[in-house]
Amino acid sequence: MINDFMKSLAQFSDPRFRRVVLIGVGGAIVTILALWGVIGFALNSIDFFTNGGWLETAIDWLLGVGLAVLVLLLFPSVTVLISSLLLDQIAEAVEEKHYPHLPQPRHQPFLEALISGLKFALTALLLNILILPLLVLGPVYVIAFYAMNGYLLSREYFELVAARRFDVPTMTAFRKRRQMKLWIAGVALTFLMTIPIVNLVAPIIATAFMVHYSIRLGAFQPGVAA
């Protein structure tokens, strides 16, 4: 597993890796600045007190600080969201460099990808809501968070790379046969996603890693659907 991570990191010199990073960061900057401008203009257009004065100034200042904090909090999420739309390019780059013997990837129908994405998003949302009461138990919540998101991330990134080769039934059957090993990898990916700064490029690392890891587990070999 460590070797798979190292190979993923080593490929960051690939122009396609850098392109996805730059688009993610650049797109996030443009999106956040536009959002900041719109919200800032709206707030400046509102007078909270008819007579203005120091209370109006104080509220404007507090709202400005709050807006700045909101921008900082949103930046990583927006960066990850934009770069996540291009992760298929990362999988393609890894396959071309390390596994040129693989056959051409299949075309994944849009409806199949949409249904799969919605099912995953709803499952992730529901499970993360269900474990929220464990916050009062401290360490128990941390364990539950990593265990559950380890499963979710391993499933998400495996299906991202496997959908290039498998239909849904084949992909699901393989994932279930390798569920424990994939879950362990998912816990490592969850830890990666929680490290500040690193989390900006974590989806790229996770995608590249999962290509290496899935192939090492025996994916994309003849008879894998058996």
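# Group meeting talk: helices and how they pack

Let me begin with contacts in the protein chain between residues at least 6 apart in sequence: 78% of them join residues at least 24 apart. Please keep in mind as we go that this is a predicted model.

So what is the chain built from? Its secondary structure comes to 9 helices and 0 strands. If you read the elements from the N terminus on, you get α-α-α-α-α-α-α-α-α. The protein chain has 226 residues, and buried residues make up 35% of them. As for the accessible surface, the total is about 12,900 Å², and carbon and sulfur atoms hold 73% of that.

Now, a word on helix pairs. Two packed helices are described by two things, the angle between their axes and the distance between the axes. I have three pairs to show you.

Let's start with helix H1, residues 2-10, and helix H9, residues 202-216. They pack with their axes 8 Å apart, at an angle of about 135 degrees. That angle makes H1 oblique to H9, and the crossing of the two is right-handed. Which residues of H1 and H9 meet here? On the H1 side we have Asp4, Phe5, Lys7, Ser8 and Leu9, and on the H9 side Ile205, Ala208, Phe209, His212, Tyr213 and Arg216. Sorted by class, this contact of H1 with H9 has 6 nonpolar, 2 polar and 3 charged residues.

Please stay with H9 for a moment, and bring in helix H4, which spans 87-98. The axes of H4 and H9 come within 9 Å and cross at roughly 40 degrees. Why do we call this pair oblique? Angles under 35 degrees would count as roughly parallel, and 65 to 115 as roughly perpendicular; at roughly 40 degrees, H4 and H9 are therefore oblique to each other. H4 passes H9 in a right-handed crossing. From H4, the residues in this contact are Leu87, Ile90, Ala91, Val94, Glu95 and His98, and they meet Pro203, Ile204, Thr207, Ala208, Val211 and His212 of H9. By class, that gives 8 nonpolar, 3 polar and 1 charged residues. If you were taking notes, you may recognise Ala208 and His212: they are among the H9 residues that meet H1, and they are also among those that meet H4.

Our last pair is helix H6, residues 139-162, with helix H7, residues 168-177. Their axes cross at roughly 140 degrees and come within 11 Å. H6 and H7 are therefore oblique to each other, and H6 passes H7 in a right-handed crossing. Tyr151, Arg155, Phe158, Glu159 and Ala162 of H6 make the contact with Met171, Phe174 and Arg175 of H7. Here the residues divide into 5 nonpolar, no polar and 3 charged.

Let me finish with two loop residues. Asp14 has its place in the loop between H1 and helix H2, which covers 15-44. Is Asp14 buried or exposed? Its relative accessible area is 12%, so Asp14 is buried. Asp14 and Val94 are 80 residues apart along the chain, and their C-alpha atoms are separated by 9.4 Å. Val94, you may recall, is one of the H4 residues in contact with H9.

The other loop residue is Pro103, found between helix H4 and helix H5, which runs 110-130. With 54% relative accessibility, Pro103 counts as exposed. Pro103 and Phe220 are 117 residues apart in sequence, and from C-alpha to C-alpha they are 9.1 Å apart in space.

Thanks for listening, everyone!

Key:
Residues are numbered from 1 along each chain as its sequence is written. This is a predicted model: local features need pLDDT of at least 70, side-chain atom pairs count only at pLDDT 80 or more; totals for chains, interfaces and linings use all residues. Side-chain values use heavy atoms; hydrogens and water are left out. Axes are lines fitted to C-alpha atoms, for helices over the stretch in contact, and angles run from 0 to 180 degrees between N-to-C directions. Helices (H or I, at least four residues) and strands (E, at least two) are DSSP runs, numbered from the N terminus. Angles under 35 degrees count as roughly parallel, over 145 as roughly antiparallel, 65 to 115 as roughly perpendicular and the rest as oblique. A crossing is left-handed if the near helix is turned anticlockwise from the far one by less than a right angle, and right-handed if clockwise. Contact means heavy atoms within 4.5 Å. Ala, Val, Leu, Ile, Met, Phe, Trp, Tyr, Cys and Pro count as nonpolar, Asp, Glu, Lys and Arg as charged, and the others, Gly among them, as polar. Buried means under 20% relative accessible area, exposed over 50%, partly exposed in between (1.4 Å probe, protein chains only). Accessible areas come from the Shrake-Rupley method with a 1.4 Å probe; for residues, only the protein chains shown count as cover.
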